[in-house]
Amino acid sequence: MAKGTLNVGSGVTATNTDDYGNVIGHITAGDAFTTADGANVALGCNALGAATDNLTNVAIGCHALAASVNDGDNNVAIGKLAMGAGDVSGDNNIALGTNTMDALTTATCNIAIGQNALGAITTSPHCNISI
């Protein structure tokens, strides 16, 4: 699906994926993207690696949002394994740090900052802030 490359720094390139606006920064990042995925940013090994129906997500870090197969939209995961272990279908979550919200599945509108913050949250409660 790749149309070209975008140089994002000295010695670093990211592949811009066709007309759907996905930006990929590792050979295994976003490797399951389909035409249903759009406007996602996946930087790091296996970032958004299983995504097949996800929109407007940002995954930066090795295995960030890695297991999220479908329907998780408007999420930001920055850090190794941030939102990385669960199949995220919840929307509007922000996870910053290693293993933050790594078990998340359907919970929505949460913010986690720091290593392992909200690491056990899966389906509810919603709208939490953890630092």
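Is Ile24 buried or exposed? I shall begin with that residue and then turn to the chain as a whole. Please bear in mind that this is a predicted model.

Ile24 has a relative accessible area of 12%. Buried means under 20% relative accessible area, so Ile24 counts as buried. This isoleucine lies in strand E3, which covers residues 22-24. Along the chain, Ile24 and Ala47 are 23 residues apart, and their C-alpha atoms are separated by 8.7 Å.

Let me now place strand E3 in its setting. The secondary structure of the protein chain consists of 9 strands and 0 helices. Read from the N terminus, the order of elements is therefore β-β-β-β-β-β-β-β-β. Of the contacts with a separation of 6 or more, 1% join residues 24 or more positions apart.

I turn next to burial and surface. The protein chain has 131 residues, and 38% of them are buried. Its accessible surface comes to about 5900 Å², with carbon and sulfur atoms contributing 58% of that area.

One feature of this surface deserves a closer look. Leu43, Ile60 and Ile78 form a nonpolar patch there, and together they have about 190 Å² of accessible area. Within this patch, Leu43 belongs to strand E4, residues 41-43. The relative accessibility of Leu43 is 31%, so this leucine counts as partly exposed.

To close, I would set two residues side by side: Ile24 in strand E3 is buried at 12%, whereas Leu43 in strand E4 is partly exposed at 31%. Thank you.

Conventions:
Residues numbered from 1 in each chain as written. Predicted model: local features only at pLDDT ≥ 70, side-chain atom pairs only at ≥ 80, totals over all residues. Heavy atoms only, no water. Helix = DSSP H or I, 4+ residues; strand = E, 2+ residues; numbered from the N terminus. Buried < 20%, exposed > 50% of the residue type's maximum accessible area, 1.4 Å probe, protein only. Contact = heavy atoms within 4.5 Å. Areas by Shrake-Rupley, 256 points an atom, 1.4 Å probe, with all protein chains shown as cover. Patch = residues over 30% accessible without salt bridge, like charges linked within 9 Å, V, L, I, M, F, W, Y side chains within 5 Å. Salt bridge = Lys/Arg side-chain N within 4 Å of Asp/Glu carboxyl O.
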